[in-house]
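Reader: Could you walk me through this structure, starting with the charged contacts and then moving on to the strands?

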Amino acid sequence: MSGRIDPLDAFRLEGRVALVTGASSGFGERFAHVLAAAGARVLVTARRRGRLERLVGEIEGARALPGDLTIEADAERIAAEALEAHGRVDILVNNAGASDGPARAASESLDEFRRVVDVNLNAVFHLSRLLAPAMIERGRGAIVNVASVHAFVGSAPNTQAAYVASKGAVVALTKELALQWAKKGVRVNAIAPGYFDTEITAAMFANEKSVAWIERNTPLGRAGEPGELDGALLFLASDASRYVTGTTLLVDGGWTAR
Ligand SMILES: NC(=O)c1ccc[n+]([C@@H]2O[C@H](COP(=O)([O-])OP(=O)(O)OC[C@H]3O[C@@H](n4cnc5c(N)ncnc54)[C@H](OP(=O)(O)O)[C@@H]3O)[C@@H](O)[C@H]2O)c1
């Protein structure tokens with residue numbers, strides 16, 4: 001090796017087009033800003049159109065593609081519009097998610113279970129399948145799925161069978177898609193966050209006992225803070241991880257190391 005190296009170069013996303021799902025709040029909103037700050041042209045989707053409009057107003061060149069990812073026709077339209085916007089999608093961040101509960105499995109309805117699996121798992125498969133062919137054709141693409149620590153451990157004392165099952169399946173799906181598309185230049189990885197204060201966890205963070213439980217059970221002693229997924233996202237979305245596929249990166253303050 002000779003000359004100067006710039007190890008940060010591989011993290012830059014100039015010239016890339018990224019689609020972020022679940023961008024109307026929480027992680028997705030932050031991810032859109034992070035990818036744009038690294039140079040990507042950003043497309044954002046979720047159901048709440050007003051939230052997306054506000055977000056694209058904050059990010060130069062960003063575009064909102066509102067819709068419900070559990071509705072087949074919406075997902076197809078979003079994928080088509082995303083490909084049309086700049087002629088390609090290089091980075092897909094499957095971040096949209098929902099949780100069940102508190103619902104005890106013995107009395108949880110099948111409809112509720114299906115609703116959560118539809119968003120957390122089926123929509124991840126569907127949108128990946130819709131966008132992968134164009135990535136394969138270009139020989140390049142990075143898909144980043146958002147799983148959870150609860151892909152690896154149950155959520156007790158919380159009760160959310162569909163959430164835990166669907167996130168576990170996202171980790172397995174990540175490996176399977178990674179293997180199917182590895183030779184085609186498309187990498188598929190996942191991030192598994194621990195507890196962060198967003199809309200999906202709002203009830204927990206509003207409850208002192210729940211916050212104390214999170215702090216007690218997290219080796220680093222606290223919940224995650226905004227920005228603490230930025231590094232994992234940028235790594236997996238960029239060429240910095242070009243030799244990484246099929247992996248799930250835990251960003252959980254040590255939750256699953258116990
Ligand atoms: N916060 C945590 O502690 C934590 C930990 C581990 C994993 N996660 C995961 O991180 C991801 C982001 O969650 P978050 O924490 O940022 O919570 P959040 O603020 O509730 O975000 C969830 C996002 O998903 C979108 N969404 C839900 N159902 C949808 C549907 N049918 N179609 C399209 N979009 C839909 C929501 O937008 P609309 O309502 O506008 O559609 C929203 O933008 C989720 O997959 C979640 O499971 C979160």
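Reader: Is Arg 12 buried or exposed, or something in between?

Author: Arg 12 is partly exposed, with a relative accessible area of 36%, where buried means under 20%, exposed over 50%, and partly exposed in between (1.4 Å probe, protein chains only). This is a predicted model, in which local features need pLDDT of at least 70 and side-chain atom pairs count only at pLDDT 80 or more, while totals for chains, interfaces and linings use all residues. Residues are numbered from 1 along each chain as its sequence is written, and side-chain values use heavy atoms, with hydrogens and water left out.

Reader: Which residue forms a salt bridge with Arg 12?

Author: Asp 9 does, and the closest N and O atoms of the two are 2.5 Å apart; a salt bridge here is a side-chain nitrogen of Lys or Arg within 4 Å of a carboxyl oxygen of Asp or Glu. Asp 9 is partly exposed, with a relative accessible area of 47%.

Reader: How many salt bridges does that rule give?

Author: The count comes to 16 salt bridges. Among the residues involved, Arg 88, Asp 90, Arg 138 and Arg 140 are linked in a network.

Reader: What does Glu 199 pair with?

Author: Glu 199 forms a salt bridge with Arg 48, with the closest N and O atoms 3.1 Å apart. That pair links distant parts of the chain, since Glu 199 is in the loop between β6 and α6 (202-205) and Arg 48 is in the loop between β2 (41-45) and α2 (49-58), 151 residues apart. The side chain of Glu 199 also meets that of Arg 51 in a salt bridge at 2.9 Å, N to O, and here the partner lies in helix α2, 148 residues away along the chain. The helices (H or I, at least four residues) and strands (E, at least two) are DSSP runs, numbered from the N terminus.

Reader: Switching to the strands, is β5 buried or exposed?

Author: Strand β5 (residues 141-146) is mostly covered, with six of its six residues buried. Both faces are covered, with Gly 141, Ile 143 and Asn 145 on one side and Ala 142, Val 144 and Val 146 on the other.

Reader: Why do they split between two sides like that?

Author: In a regular strand the side chains alternate between the two faces of the sheet.

Reader: And which strands does β5 pair with?

Author: Four bridges join β5 to strand β4 (residues 91-94), and six join β5 to strand β6 (residues 186-193); strands pair if DSSP finds at least two bridges between them. β4 and β5 run parallel, as do β5 and β6. Ala 142 is the bridge partner of Ile 91, and Ala 142 also stands opposite Arg 187 in β6.

Reader: What connects β4 to β5 in their β-α-β unit?

Author: Helix α4 (residues 110-138) does, and the unit is right-handed, meaning that, with the strands pointing away from the viewer, the path from the first strand over the helix to the second runs clockwise. β5, helix α5 (residues 161-181) and β6 also make a right-handed β-α-β unit.
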